[in-house]
Structures are given as structure tokens and as C-alpha cells.
Amino acid sequence: MSKTLDDLDSKQAPLADQARLGIGWLSAGLAAVLVAALVSVASGPVGIPFDRVALEVLGRLPLINLDSGLTDSQQAIVWELRAPRMVLGLLVGALLAGSGAAYQGVFRNPLADPFLLGIAAGAGLGATIAIVAGLGDGLGLIDPVPIAAFIGALLAVTTAGTLGMRRGAPMSTTTLILTGVAVASFFTAIQTFIQQRNAENLRQVFAWILGRLSTAGWDEVLLLLPYALVCGLGLVLSVGALDVLAVGDDEAASLGLRPQTVRRVVLVVASLGAAAAVSVSGLIGFVGLIIPHAVRLVAGVSHRRVIPLSFLFGGAFLALTDVAARTVQAPAELPIGVITAFIGAPFFLSILRRQTNS
Amino acid sequence: MNAGSRSTDPPLRGKRRGIKPLELAWSGITVDLGGNRVLDNVDLKVAGGTWLSLIGPNGAGKTTMIRALAGTISHAGTITLGTKDVAETHHRERAQQVAVVPQHPLIPSGIPTFDYVLLGRTPHQGMRFSASHNDRQIVHNVLTRLGLLNFMQRRVETLSGGERQRVVLARALAQQSPVLVLDEPTSFLDVGHQMDVLELIAELQIEEALTVVTTLHDLSVAGQFADQVAVLAEGRLVANGHPVDVVTPETIRTHWGVDAHTDIDERGGVTVTVKRRRTPDKEPLPKGRDMP
């Protein structure tokens, strides 16, 4: 005897699936951001006690009146030097990790990462052109260098993305990555050519490429914020569509999705975020690879979890990496991209090997 | 509901739930791929709540017929679901009416069975594809019906071939579409699991008032399970009708180029035995001897 589908007990509570975020994971992500933020604000060459910093930050919250006992200059260090750098670290990390997760989703490729798709090379080219053209000294309110970097980044990732697809559908894992490598080399070649012909700007170009988190202030935060909001909101709204896209274009279409439209929209939104991030931070690789993978490993593969948690843990990760970058060799600073590459490159290789085996 | 009432109250218990069996038709379907005419002006009609099997040699256009129906290939001609031309329906509405089980489903790595089957609810969800309580309940019911509750938390890629086929079928059933399309549902399954899946589809066809469309290589399966068999050869419809009239030694000879023997059972099901055409010139080994 068989039961029909509606003979079945409909009162039994369906079990929890992994296709929703869940308050537990959300709290864990927010906690990570909070810890990273505090550690970041409390670390630096000038020793300021951790508890005082915590009090100072709490005291700035509305409705709370606390005296942290910090001197004026200590307050200035916390609010004018460390706080913007911390916020920028969080934003850049969140954007790189979130857009990495989105690229991996639309290309159905675990190795898709903004850095590997040539976004950094594109940004480098854009910035170099702007600096060489003498735009680096600022034109009033808007700094044109990050904008040029942003355009270059967008151009590179669009080129790699378009060439890495055939008839609108992604090609194999390695084809896309190799396309990214080729595009990156091409952009880097042009960038080096321009740079060598304008040796007087060499120092400025290198300073840009190595990243500007160290000199960043609230201006950079304000520059990045709109892109972060658009990218964050856009990607969080597409998590459901990304989950459907995971079954392949034909099947997604038979489930009522328009795969090409989804892919195009998500690519643009993710590229906006990633390009804006590198245009402010300089070249930081592998964050978009490490974080989404770690999240998938512990929280499951649904984008409803991967995207928001990549934002949160990516932000926390980069803020902490930045702390390491300025303390490991203190008082000298290590470029942050050196640390992420140091962790990320072996990580990339391990995924690549696992991918090739299966 | 017991087996007795099923046989005295046929067909279509799905009517009880307000499911109306949906008839469908391909009219003048022509598909060109890379300069080749894959389908050439095919007209074919299926009555609501019946099972159509598309058979034909490799490259005859069987899968293309399914892709045209699913809306994943561009074509000339019209496809009608009920009374509506699908070209005029929204792609989401089409997905509510036609559920597809592909031959090689792409299983996202790491996805748990429950979440995978939940994807079948996509055409019923809003722009953000959030699953409602009702969606989860339907998935739960489908998993119960298909005996997959114990696999709910298992990752789909860790299941055996037969289990995986049932999970993909579950996703299509969760779609609650009146038309169920299966592309070679039995490839890669051993004969036991083939029968499990086919008999399950046959039960669901009755229970849910489904119009079933399958492509099949196995002529005996088509002959025994389908209500209607259509033969495609080189993109054209060359025979169409009841299995007894279509699955015949003559048809098989003409289009597959092999000699076959058919048996018709008391229920009108046809089984096919294909005979070997050539034997090399060698001494046959004596029967009944001990094998080394």
C-alpha cells in the first residue's frame, strides 16, 4: 500500500535545512567582526590599554556616557588613525570575500577569485595611468586614482569573465583561471611598460600597489562605503538565485530562473565591490578564496550562508591580518598582501589538487 | 487508501487534490543546431495523465524534443500545454507546469538531500526564492513518499546511483507540475533499480495525475510502461501510437537495423528481444562443459 503525497501527516514539523542563515551563524559572524574591530583599534606602536580602548569605543555609542581616561592624543590615535583603518580593513575584507563567494557561485568554479581573475592587475593599470597622467595629487574633493583603478579592475574582470565563458555559460574550472592569468599578465605588461617610461612616478606607483591601508583615513572609508552598500545589498538579495544556479544553466532554466540574467547581474554587483575594494586597498589576493572556502567547510554550501558569512568573516579576517601586518615587523609595516598570499597560495594549491583529483 | 480502491477507481486520484491532468502538444517543431536539422517539423500530442515514451536511434532528436518542451532550446513551431501556447507564458509559469529530470543532473557539491529537493520549489517562490513553511512541508512529504527521509541530511553526491535518481525525481515532484519529463531515467541503473524507478513513476503517474514524457533506449521498458510510444528517426516522427502497434519487429528492423522478436503480455505490454546479427566463423564451444 502506498500513500499519496497529501495522505501524509502534514503536521509533522519539517526538519531544519541548511538553506537559511540561522541566528547562530549570524551571531558568530557578528562576534568575529566585533572582536577583530576591538583588537584592531587596540593594537599599534603606541601602547594604549585594551580595556581603556573598549571603554572609549563604548562611550561613543549613543546613550552611553563613559569616561575612558584616555588623553587627547590617545583619543586622536584611536579615532583618527586606528578606527578608519579598522573600518577600512573590515570593508575591504568583506568585499573581497563576498565577491569571491559570488564569483565562485556564478562561474560554478571553486577557484574563481577576484585576484585570480585579473582584477588586481586591472586596478594596477588604472592607477598607474592616473598617477602618470599627474592626477595623483588630487583634484579637489575626489581622488581620481581610486576611480581609475576601479575602471581598470572592472575592465579586467569583465574581460576575463567574458573570455572564460562560451555562449554565456562558464567553461571548465581551469580554463577560467588560466584566462584570468593571461588577462592579468597582459594588463601587468601594459602597466609595467607605462611605469618604466615614467620612472619619476615609480615610488608613487609602488606605494599604491602595495596598498594604502596604512595611510587611510575617513576619506577612503567614505569613498568605499557606497560601493560596499550596493555590493552587500545586491549580493545578499541574490543568494537564493545563486543556490538555484548551482544546478547548472539548463536545470536552473527548467526551474524557472533566467541563468544568464542572474549571472550578469551578480557579476556586475560583485565586480563593483571587489574593484572598489582593491582601488582603495591596493593589491590583496586570496581573501576571496580562503574565506568562502572556510565558510563552506563549516557552515554548508548554501549561498544563504556563504555570502553573508563571507562578508562578516572576510571583514574580520582582513582587519586581523592588518594587525599582524603592522605588528610582525614593528615599527616597520609588512604589506598586507604579503600575508594574505603567504596563507592563500598554499590554500589555493590544496583546493586545486583536490579539484583535479575528483 | 488501499490498493483495491486504486484499481476500482482509476485513473487519476490526483483529481482529489484538484490536479487537472494536462495535455500537451508539439506542433511543427523544427530545431537547427550548428547547421544540422535536429528536429524536422514534428507534430505530437499527448493526452493528459498518460505516459508517452520517445524512442529512436541515437541522434534521432529525442532529447531535443524534451529540451524544446522544457524551454532550454530555441525552436520553430509551437508547444501547447493544455490550451496555452507556452511561448506566451512566463518562464516561471512554464516551470510550474513542466518538471524535468535530466539524464545527467548536475549535483552541486556538498548539498544535502533536503536542500536539493527544496530547489524544486523554486518556480513557486518569490524573487528572493525564500522557502516557506509550506515549501518545506511539501519537500518533507515527497521525501516520505519516496522513502528518502533517512537520507535527508546526507550529501547527495554520497548516495548510490539508485538513491540519487530517486532524489532527482523527488526534486521534480516537489515542483508539483502536472507534466513530468524524464530524459533516459534508467541509464546507469542495474535492472533491479531500473524497475524500482519505473514502477515508482508509474504509481506516481496515477496518484498525481501526471502526464509523463520519457525518452528511452530500452524498447522493452517503453513497450511495458508507456501508454503511447513515438518513434523518432533523423529528426522526423516516423511512428506514433499504442506500444503494441508501434513496438514491432518491422519498426525495429527499419529504424534500428536489427532483427528483434516481440512478445505481447496479457496487459498489452510489449517486450523486445534483439538478436545478434553476425557470428564470426568459429567452432561453437560444446554446451555443458566445465569452465576453467
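# Helix packing in a predicted model

Helix 8 and helix 11 of chain A run roughly antiparallel to each other, and the reason is their angle, since anything over 145 degrees counts as roughly antiparallel. Keep in mind as you look around that this is a predicted model.

Let's stay with that pair for a moment. Helix 8 of chain A covers residues 218-237 and helix 11 of chain A covers residues 259-281; they pack at an angle of about 160°, and their axes are 8 Å apart. Where helix 8 of chain A passes helix 11 of chain A, the crossing is left-handed. On the helix 8 side, the residues that meet helix 11 of chain A include A:Leu223, A:Leu224, A:Tyr227 and A:Cys231. From helix 11 of chain A come A:Val269, A:Ala270, A:Leu272, A:Gly273, A:Ala276 and A:Val280. Sort the residues of this contact by character and you get 12 nonpolar, two polar and one charged.

## Chain A as a whole

Stepping back, chain A has 14 helices and two strands. Of its 358 residues, 51% are buried. How much of its contact network links residues 24 or more positions apart? Such pairs account for 78% of the contacts in chain A with a separation of 6 or more.

## Two partners for helix 3

Helix 3 of chain A is a good one to follow next, with contacts to helix 1 of chain A and to helix 12 of chain A. Here are the three chain A helix pairs of this report side by side.

| Helix pair in chain A | Angle | Axes apart |
|---|---|---|
| Helix 8 and helix 11 | about 160° | 8 Å |
| Helix 3 and helix 12 | about 70° | 7 Å |
| Helix 1 and helix 3 | about 145° | 9 Å |

Take helix 12 (residues 287-299) of chain A to begin with: its axis is 7 Å from that of helix 3 of chain A, and the angle is about 70°. That is why helix 3 and helix 12 of chain A count as roughly perpendicular to each other. Helix 3 of chain A brings A:Gly93, A:Leu96, A:Ala97, A:Ser99, A:Gly100, A:Ala101 and A:Gln104 to the contact, while helix 12 of chain A brings A:Val287, A:Gly288, A:Leu289, A:Ile291 and A:Pro292. Those residues divide into seven nonpolar, five polar and no charged.

Now for helix 1 (residues 23-42) of chain A, which packs against helix 3 of chain A at about 145°. This crossing is right-handed. A:Val33, A:Ala37, A:Ser40 and A:Val41 of helix 1 of chain A take part, and across from them sit residues of helix 3 of chain A, including A:Val78, A:Arg82 and A:Met86. In this contact, seven residues are nonpolar, two are polar and one is charged.

## The nonpolar core

Which residues have the most contacts inside the largest nonpolar core? They are A:Ile119, A:Ala153, A:Val278 and B:Val181, in a core of 186 residues. Helix 3 (residues 72-106) of chain A supplies the largest share of this core, 16 residues.

A:Val278 is worth a click. Apart from neighbours within four places in sequence, A:Val278 is in contact with A:Ile119, A:Ala120, A:Ala123, A:Ala149, A:Ala153, A:Leu283 and A:Ile284.

## Loops with a positive phi

A:Phe286 is found in the loop between helix 11 and helix 12 of chain A. Its phi is near 75°, a positive value in a residue other than glycine. Is A:Phe286 buried or exposed? A:Phe286 is buried, because 24 other C-beta atoms lie within 10 Å.

Over in chain B, B:Gln176 also isn't a glycine, and its phi is positive, near 50°. B:Gln176 lies in the loop between helix 6 (161-174) and strand 7 (179-183) of chain B. With 19 other C-beta atoms within 10 Å, B:Gln176 is partly exposed.

## Helix 2 and a strand in chain B

Helix 2 (residues 62-70) of chain B is largely enclosed by the rest of the structure, because eight of its nine residues are buried. Among them are B:Lys62, B:Arg67 and B:Leu69. Just after helix 2 of chain B comes B:Gly71, with a positive phi near 80°.

B:Leu69 and B:Ser27 are 42 residues apart in sequence and 11 Å apart in space, C-alpha to C-alpha. B:Ser27 has its place in strand 1 (residues 24-33) of chain B. It's partly exposed, with 14 other C-beta atoms within 10 Å. Beyond neighbours within four places in sequence, B:Ser27 is in contact with B:Asp43, B:Gly77, B:Thr78 and B:Thr80.

Terms used: Residues numbered from 1 in each chain as written. Chains lettered and ligands numbered in written order. Predicted model: local features only at pLDDT ≥ 70, side-chain atom pairs only at ≥ 80, totals over all residues. Helix = DSSP H or I, 4+ residues; strand = E, 2+ residues; numbered from the N terminus. Buried ≥ 20, exposed ≤ 12 C-beta atoms within 10 Å, placed from the backbone. Contact = placed C-beta atoms within 7 Å. Axes fitted to C-alpha atoms, helices over the stretch in contact; angles between N-to-C directions. Parallel < 35°, antiparallel > 145°, perpendicular 65-115°, else oblique. Left-handed = near helix turned anticlockwise from the far one by under 90°. Nonpolar A, V, L, I, M, F, W, Y, C, P; charged D, E, K, R; others polar. Core = buried A, V, L, I, M, F, W, Y, C linked by C-beta atoms within 7 Å.
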